[in-house]
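Good morning, and thank you for coming. I would like to introduce a structure that will be new to most of you. Please take a moment to look at the sequence and the model.

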Amino acid sequence: GEVIDNPDKNTQNALSELKTLNNVTFVGYLTREKIEPFLSKALCLLNTSLYEGFPNTFLESFAVGTPVATIEDIDPDQIIMRHSLGKTTNNPNKLFECILKIINHDSYNEMSTRCLDYLIKNHDNKTIAAELLEKLKN
C-alpha cells in the first residue's frame, strides 16, 4: 500500500524499522490486476490491523490459496481458526510465531487448498447465487 499523510508515531517507527530490513520490500500500491499474482507468490498474508471488519485482503489471499496470519480480534467469527485457513494470536507481538507455524506446517498444501475451498463455498458469487435461487424455489 501507500503511507497515509501524517501517520501516527507508532506507524512512523514501524515503517522506519521495516525499511532497515533486507527481507522487506515496499511495493507500493497494486492495481486489482496485480494483487492476485502478487499474493500467489506469498507463503502467507500478514494482517497487522488492530481493528477491522472482514478484510477483503483475506478473500484475496484465499482466492490464491494463501493462508492468513493475524490477531484473534480480526478473525471474524474465528473463521481462520475454525476452518484452519492460517493462524491467529491474541498477542500482536507473537505474529511472527504465527507466520512460522504457517510456513513450517506439515500440511501447508492442505491449508492452502482449504483457503480456496472455503472461498468457493462461502464467498463465490456464482455458488451463493445458485444457493439463493434454490432457496427461493422452495
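Throughout this talk, two residues are in contact when they have heavy atoms within 4.5 Å of each other. With that in mind, please find Leu-85. Leaving aside residues up to four places away in sequence, Leu-85 touches Phe-62, Pro-67, Val-68, Ile-79, Ile-80, Met-111, Arg-114, Cys-115 and Tyr-118.

Before going further, I should say that this is a predicted model. The mean pLDDT of the protein is 90, and 100% of its residues reach 70 or more. Confidence is lowest in helix H1, residues 9-19, where the mean is 87. It is highest in strand E3, residues 86-89, at 96.

Let us turn to the interior. Leu-85 is among the residues with the most contacts inside the largest nonpolar core, a group that also includes Leu-45, Phe-58, Phe-62, Val-68, Ile-80 and Tyr-118. That core has 15 residues. At least two of its residues come from each of the following elements: helix H2 (32-40), helix H3 (56-62), strand E2 (68-71), helix H4 (79-82) and helix H6 (108-123). Which element gives the most to this core? Helix H6 does, with 3 residues. There is also a second, separate core of 7 residues, with Ala-69, Cys-98, Ile-102 and Met-111 among them.

I move now to charged residues. How many salt bridges does a search of the whole structure find? The search finds 1. Its partners are Glu-60 and Arg-32, whose closest N and O atoms are 2.6 Å apart. The pair links distant parts of the chain, since Glu-60 lies in helix H3 and Arg-32 in helix H2, 28 residues apart. Are these two partners buried or exposed? Glu-60 counts as buried because its relative accessibility is 16%, and the limit for buried is under 20%. Arg-32 counts as exposed because its relative accessibility is 58%, and the limit for exposed is over 50%.

Finally, consider the open space. The largest pocket holds about 2,500 Å³. It is lined by 47 residues, and those closest to its centre are Leu-18, Phe-26, Leu-46, Asn-47 and Thr-48. H1, H2, strand E1 (45-46), H3 and helix H5 (95-103) each supply at least two residues of this lining. H1 gives the most to the lining, with 8 residues. As noted earlier, H1 is also where confidence is lowest, at a mean of 87.

Thank you for your attention.

Note on methods. Residues numbered from 1 in each chain as written. Predicted model: local features only at pLDDT ≥ 70, side-chain atom pairs only at ≥ 80, totals over all residues. Heavy atoms only, no water. Core = buried A, V, L, I, M, F, W, Y, C linked by side-chain atoms within 4.5 Å. Buried < 20%, exposed > 50% of the residue type's maximum accessible area, 1.4 Å probe, protein only. Helix = DSSP H or I, 4+ residues; strand = E, 2+ residues; numbered from the N terminus. pLDDT = per-residue confidence, 0-100. Salt bridge = Lys/Arg side-chain N within 4 Å of Asp/Glu carboxyl O. 1 Å grid on protein atoms, 1.4 Å probe; cavity = no way out; pocket = protein on both sides within 12 Å on 5 of 7 lines; lining within 4 Å. Points joined across faces, edges and corners; volume = space filled by probe spheres on them.
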